[in-house]
Amino acid sequence: MSAQIGHLSPELAWAACTPWTELAPRIANDEYLDRIERAQRLLDTIEADALLVTAGTSLRYFTGIPWGATERLVAMLLPRRGEPAMICPAFEEGSLRAEMAHPIAMAFWEEHDDPYALVAGCMGVRGAATLALDPAAPFGVYTGLRETIGNRAIIDAAPVIDGCRARKSAAELALMKQATAMTLKVQALAAGMLHEGVAAGEVKRFIDGAHRALGADNGSTFCIVQFGEATSYPHGVPGEQYLQPNQVVLIDTGCSVAGYQSDITRTYVFGTPNTEHARIWDLERAAQQAAFDAVRPGVPCADIDTAARRVIEAGGLGPDYRLPGLPHRTGHGCGMAIHEAPYLVRGNNAPLAPGNCCSDEPMIVIPGRFGIRLEDHFYVTEEGGAWFTEPSPSIDQPFAKGLA
């Protein structure tokens, strides 16, 4: 048994869950204003007169308002020139103003009103004809707008939204560094509190509580805990599991700090790894490193996926998505959403740029037996990639020394 696995009593593990002290500064008001200005410049590039950002992560990105989508339209309308306006139900004014990072004019609709007519009216006042719509907007928003302003006047705002959000600022990177450091500590404590017969559900509850105790926004954003054969399914299988000696353990979890996400996977063996466990683990770690080594500005996202697959295929697995092998893309972007642009996948020839943040997780699946996923995130610098968290050194040492 590794010295980092199963060495903590539940009491000692909980005692180590103390509030995080190295707090990253929150996003400043000036940065929110810079985001608005950048979005307006990007509207020029797609020849759109205005941008409509609906409730969700992008609305929070531009306004600071952490508002979830419902059947009532809450959105920011941003003209190519001039000031934005919040489209919102009149009775929500107080709540929305309390969350705003910077003052925004508000346009209200009552419960019996058509909010899309209000959007059209605000566009007309601002001289806007063509509307770029948030790609995350519900279909109902699109149909409501189509009936009011016409289908030809609505275009995809992805180049604007992704063009802003995909390149993180120093302040955003600092928040993500805090979130990933917190999750890595929770991962190490979870490994330490494992014991024979422990239920996966108990481990999940510990991870959620540990994230809360450290100061994450709302405990775990998500959590996957799998033992044995269940690790061969990338996102697990339903039902409770109980840990047995010499089983593979896969834990994939993350948290949010001021809306910025972490997402880390560790895989190891509770007991003694066999020869096949060790071989596949080493191949996985080599593929993860190959992907990271390929990172630099200007390199197509697809090339990072190719770099990982070459290692796995050289190890006799695959090719392509065939199993045993790698059944999915090598990585995804991360920021205010756990999955966002850019995606490290075949066919995505978008070039990496400084400030991009992505997962590196070329999972290897051995069907019906086990899977190994090592997931850490990197951000792109002018020189290449930089890790948010230090990858696992070995199957017997899943965490860097001194972490747990």
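Trainee: What makes the side chain of Thr-267 a partner of the backbone oxygen of Arg-373?

Mentor: The distance. The Thr-267 side chain comes to 2.6 Å from that backbone oxygen. A polar contact is a pair of N or O atoms within 3.5 Å; within protein, one must be able to donate a hydrogen and the other to accept it, and residues adjacent in sequence count only if both atoms are side-chain atoms. This is a predicted model: local features need pLDDT of at least 70, side-chain atom pairs count only at pLDDT 80 or more, and totals for chains, interfaces and linings use all residues. Residues are numbered from 1 along each chain as its sequence is written, and side-chain values use heavy atoms, with hydrogens and water left out.

Trainee: Where does Thr-267 sit?

Mentor: In strand E10, residues 264–270. Helices (H or I, at least four residues) and strands (E, at least two) are DSSP runs, numbered from the N terminus.

Trainee: Why is Thr-267 called buried?

Mentor: Its relative accessible area is 0%. Buried means under 20%, exposed over 50%, and partly exposed in between, with a 1.4 Å probe and protein chains only. So Thr-267 counts as buried.

Trainee: Which residues does Thr-267 touch?

Mentor: Leaving out residues up to four places away in sequence, Thr-267 touches Val-248, Val-249, Leu-250, Trp-281, Gly-371, Ile-372, Arg-373 and Leu-374. Contact means heavy atoms within 4.5 Å.

Trainee: Why is Ala-258 called buried, and why is Asp-320 called partly exposed?

Mentor: Ala-258 has a relative accessible area of 19%, so it is buried. Asp-320 is at 32%, so it counts as partly exposed.

Trainee: What is phi in Ala-258, and what is it in Asp-320?

Mentor: Phi of Ala-258 is near 55°, a positive value in a residue other than glycine. Asp-320 is not a glycine either, and its phi is positive at about 55°. Ala-258 lies in the loop between strand E8 (247–257) and strand E9 (260–261). Asp-320 belongs to the loop between H11 and E11.

Trainee: Which peptide bond is cis at Pro-319, and which at Pro-324?

Mentor: Gly-318 and Pro-319 are joined by a cis bond, with omega about 0°. The bond from Leu-323 to Pro-324 is cis too, with omega near 0°. Pro-319 is in the loop between helix H11 (301–314) and strand E11 (331–333). Pro-324 is also found between H11 and E11.

Trainee: Why does Gly-239 count as exposed?

Mentor: Its relative accessibility is 56%, so Gly-239 counts as exposed. Gly-239 is in the loop between strand E7 (220–227) and E8. From Gly-239 to Gly-333 is 94 residues in sequence and 30 Å in space, C-alpha to C-alpha.

Trainee: How many helices and strands does the protein have?

Mentor: There are 11 helices and 17 strands.

Trainee: Why is the protein called as compact as a globular protein of that length?

Mentor: Its radius of gyration is 23 Å, close to the 22 Å that the globule rule gives for 404 residues, so the description fits. The radius is taken over C-alpha atoms, and the rule is 2.2 Å times the number of residues to the power 0.38. The C-alpha atoms fill a box of roughly 70 × 45 × 40 Å along the principal axes.

Trainee: How much of the protein is buried?

Mentor: Of its 404 residues, 54% count as buried.
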